[in-house]
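This report looks at cysteines, a pocket, aromatic contacts and strand pairing in turn. Please read it with the model in view.

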Amino acid sequence: MPRTNLRASLDLPYDDALAKIPQFLKDVGFGVLTRIDVDETLRARLGVPFRRYTIFGACNPVLAHRALIADPDVGILLPCNLAVYEDDDGRTIVVIMDPLEALADDEEAALREVAAEARTKLNHFLYCLAKVSRRAA
């Protein structure tokens, strides 16, 4: 599968990462709208276990507003989803769809500008999270 995401591998336990993510998102202007425990959901609905995996739905209201004004159809990409999981080696992985890559073919300059700004903020979020993770190791 082609990767069009922003990614960080953390030296931070999974539960610690989950606890820190909302504040780090807030620091770059995003709020958490949803939090889905995928293992819990799959166990409840299908009776099958899954790895430790959480999806956060995050939104920066200023950027979302600008994007929706530029193109109302962009709502299908909102909110920004962050997947956090524990890999087979016990490392915590955080992945986010790269908003600029998602809109790479869009001709609307105002929308690409919002996507570039969102990418910058999300990269900074990952940088700060990884930095804290290195200090914790």
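## Cysteines

The sulfur of C80 lies 7.3 Å from that of C59, which is the closest cysteine sulfur, and this is too far for a bond, because a disulfide requires the two sulfur atoms to be within 2.5 Å. The model is a predicted one, and the count of disulfides in it, by this rule, comes to 0. C128 likewise takes part in no disulfide, the nearest cysteine sulfur being that of C80, 17 Å away.

C80 is also a buried residue, since its relative accessible area is 17% and buried means under 20%.

## The largest pocket

The largest pocket holds about 520 Å³ of space. It is lined by 33 residues, and those closest to its centre are L77, C80, N81, M97 and P99, so that C80, discussed above for its sulfur and its burial, appears here again as one of the central lining residues.

Several elements give two or more residues to this lining, namely the strands β3 (53-59), β4 (80-86) and β5 (92-97), together with the helices α3 (61-70), α4 (99-102) and α5 (109-136). Among these contributors, β4 gives the most, with 5 residues. Sorted by class, the lining of the largest pocket comprises 28 nonpolar residues, 4 polar residues and 1 charged residue.

## Aromatic contacts

A search of the whole structure finds 2 aromatic pairs. One of them is formed by Y53 and Y85, whose rings are stacked, with 5.4 Å from centre to centre and 10 degrees between the planes. This pair links distant parts of the chain, as Y53 belongs to strand β3 and Y85 to strand β4, and the two are 32 residues apart.

Y85 is buried, because its relative accessible area of 16% falls under the 20% limit. Together with F50, the residues Y53 and Y85 make up one aromatic cluster.

## Strand β1 and its partner

Along strand β1, which covers residues 5-10, the side chains alternate between two faces: L6, A8 and L10 point to one face and are buried, whereas N5, R7 and S9 point to the other and are not buried.

Which way do β1 and β5 run relative to each other, parallel or antiparallel? The two strands run antiparallel and are joined by 6 bridges. Within this pairing, S9 stands opposite I93 in β5, and S9 is one of the β1 residues on the face that is not buried. Strand β5 is also among the elements that give two or more residues to the lining of the largest pocket.

How values were computed
Residues are numbered from 1 along each chain as its sequence is written. This is a predicted model: local features need pLDDT of at least 70, side-chain atom pairs count only at pLDDT 80 or more; totals for chains, interfaces and linings use all residues. Side-chain values use heavy atoms; hydrogens and water are left out. On a 1 Å grid over the protein atoms alone, a cavity is a set of points where a 1.4 Å probe fits but cannot get out, and a pocket is an open set with protein on both sides within 12 Å along at least five of seven lines; lining residues have an atom within 4 Å of a point. Grid points are joined across faces, edges and corners, and a volume is the space filled by probe spheres set on the points. Helices (H or I, at least four residues) and strands (E, at least two) are DSSP runs, numbered from the N terminus. Ala, Val, Leu, Ile, Met, Phe, Trp, Tyr, Cys and Pro count as nonpolar, Asp, Glu, Lys and Arg as charged, and the others, Gly among them, as polar. Rings of Phe, Tyr and Trp (its six-membered ring) pair if their centres lie within 6.5 Å; planes under 30 degrees apart count as stacked, over 60 as edge-to-face and the rest as tilted. Buried means under 20% relative accessible area, exposed over 50%, partly exposed in between (1.4 Å probe, protein chains only). Two strands pair if DSSP finds at least two bridges between them.
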